[in-house]
Amino acid sequence: MKPFTYEVADDLDSALAVLNNPPRTLKAGGIDLLDRMKERLELPETVLSIGGVEALRYIREDGGAIRIGCLTTLADIGRSDLLKARFGALHESAGRAATPQIREQATLGGNLCQRPRCWYYRSIDFNCLKKGGGTCYAVEGENRHHAVIAGGPCHIVHPSSCAPALVAVDAEFVIRSSDGESTIKAADFFKLPHESMYAENVLEPGEVLAEVVIPSLPSRSATVELREKQSFDWPMATATAARVGGEWRVCLGAVAPIPWLSRPAMDVLGSTEITPELAAQAGEAAAGEAEPMSQNSYKVQLIKVAVKRALLAAGGESEV
Ligand SMILES: Cc1cc2nc3c(=O)[nH]c(=O)nc-3n(C[C@H](O)[C@H](O)[C@H](O)COP(=O)(O)OP(=O)(O)OC[C@H]3O[C@@H](n4cnc5c(N)ncnc54)[C@H](O)[C@@H]3O)c2cc1C
Ligand code: SF4
């Protein structure tokens, strides 16, 4: 690892005052950032840690909404009785991600802003499109974990387990900088590669994702993740089903460069009660958008299964 200066912020305001002046690299839990620094993918001069700012670590009810601070850990979310009762889909996604040790350190903000897991991106030996090169090596190479929906010219999948649940319920993200605060819908936070090749979200230098707000809690929700192994790995495909304002919403994870709101599945569902037949139809509809690469057509079946199981779990029926 290249030597760097390490600074520790006492609060968010003091961090924002210096974050872009000169540019510093933000660290929350450090799980993803330190990985990239050790691989020499990132060589920051100065790392600014907000990891100890306890004021950014909370889950609270505010009127009818739930507010979650960016430094809330995945373990905090997995232990929250409030989220278990009111937003099971997020409680489940965060509570099962990675490993117990990682969940104690990994923060919600860092989870949503973690960089892609594409093995070509993670290796300094491949100067692919995302790193300013001229080729996406996944197109002709190893692409079994890559996107089957909305890929191209880069074919990453978004790695966050928490993001699909938040997009499914139309959560809002509060962004702060030294100039002030703005709020953006979760679905607008994430960017496709053709919109933004070098960053996966809208954050500009000097901006921090400070808080996640869920203004309308789902009456029912569930997330189903299909994994090769149950721990120490990212899922191969996920689906969150949530009933918000009487309408069903379905968001897929690990199959597209952003958490993917499945409009075809939602068109099938509307506000109807879930039956096994309807859940299967929604799964088929969701999978209809897939355009697999040479090695990942298995994900088409996983989408069907994940959507069906998530709907049955959220709709009150057991998984089949
Ligand atoms: C073996 C293993 C298995 C894993 N499995 C899963 C899994 O199943 N599901 C899953 O979702 N993840 C998984 N992960 C990834 C892990 O959950 C993330 O690396 C972690 O959540 C990142 O959070 P952090 O707080 O450590 O972020 P950091 O490493 O501190 O930051 C990550 C990035 O986000 C930026 N950042 C951090 N916080 C903010 C903020 N508030 N505003 C703006 N930018 C910010 C940082 O600058 C950095 O670029 C796994 C990791 C490992 C090592
Ligand atoms: S999928 Fe994206 S990150 Fe991976 S090799 Fe292609 S351009 Fe690079």
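Guide: Let's start with vocabulary: two strands pair if DSSP finds at least two bridges between them. Strands are DSSP runs of E with at least two residues, helices are runs of H or I with at least four residues, and both are numbered from the N terminus.

Visitor: And what am I looking at?

Guide: A predicted model, in which local features need pLDDT of at least 70, side-chain atom pairs count only at pLDDT 80 or more, and totals for chains, interfaces and linings use all residues. Residues are numbered from 1 along each chain as its sequence is written, chains are lettered from A and ligands numbered from 1 in the order in which they are written, and side-chain values use heavy atoms, with hydrogens and water left out.

Visitor: How do you know that β10 and β11 pair?

Guide: Seven bridges join β10 to β11 (residues 247-253), and the pairing rule asks for at least two, so they qualify. The two strands run antiparallel, and A241 sits opposite V250 in β11. Their hairpin has two residues between the strands, and G245 there takes a positive phi near 55 degrees.

Visitor: What makes β10 largely enclosed?

Guide: Eight of the eight residues of β10 are buried, so the rest of the structure largely encloses the strand. Buried means under 20% relative accessible area, exposed means over 50%, and partly exposed is in between (1.4 Å probe, protein chains only). A237, A239, A241 and R243 point one way from β10, while T238, T240, A242 and V244 point the other way, and all are buried. That fits the usual pattern: in a regular strand the side chains alternate between the two faces of the sheet.

Visitor: Which strand does β10 (residues 237-244) pair with over seven bridges in the antiparallel sense?

Guide: That's β9, where E225 stands opposite T238 of β10.

Visitor: Why are β9 and β12 said to stand at the edges?

Guide: The open antiparallel sheet here has four strands in the order β9-β10-β11-β12. β9 (220-226) and β12 (260-261) each have a single partner strand, so one side of each has no neighbour in the sheet.

Visitor: What makes β4 and β7 edge strands of the other sheet?

Guide: Five strands form that open sheet, antiparallel, in the order β4-β5-β8-β6-β7. β4 (59-62) and β7 (180-185) have a single partner each, so each is left with one side lacking a neighbour in the sheet. On average, neighbouring strands are turned by 25 degrees against each other, direction ignored; axes are lines fitted to C-alpha atoms (for helices, over the stretch in contact), and angles run from 0 to 180 degrees between N-to-C directions. Inside this sheet, β6 (residues 172-177) pairs with β8 in the antiparallel sense over five bridges, and V174 has E211 of β8 as its bridge partner.

Visitor: Why is R40 called partly exposed?

Guide: R40 has a relative accessible area of 42%, which falls between the two cut-offs, so the label fits. Phi of R40 is near 65 degrees, a positive value in a residue other than glycine, and R40 lies in the loop between α2 (31-38) and β3 (46-49).

Visitor: And what makes A150 partly exposed?

Guide: A150 is at 26% relative accessibility, so it counts as partly exposed. Its phi is positive too, near 60 degrees, and A150 is found in the loop between α8 and α9. For context, most residues other than glycine have a negative phi, and most peptide bonds are trans.

Visitor: Where are the cis peptide bonds that involve P22 and P153?

Guide: One joins N21 and P22, with omega about -5 degrees. Another joins G152 and P153, with omega about 0 degrees.

Visitor: Why is L112 called buried?

Guide: L112 is at 0% relative accessibility, so it counts as buried. L112 lies in helix α7.

Visitor: How do you know that ligand 1 makes a polar contact with L26?

Guide: A polar contact is a pair of N or O atoms within 3.5 Å (within protein, one must be able to donate a hydrogen and the other to accept it, and residues adjacent in sequence count only if both atoms are side-chain atoms). An oxygen atom of ligand 1 is 2.6 Å from a polar backbone atom of L26, so the pair passes. A polar side-chain atom of W234 lies 3.3 Å from a nitrogen atom of ligand 1. Taken alone, ligand 1 exposes 980 Å², and the protein buries 93% of that (Shrake-Rupley areas, 1.4 Å probe; for residues, only the protein chains shown count as cover).
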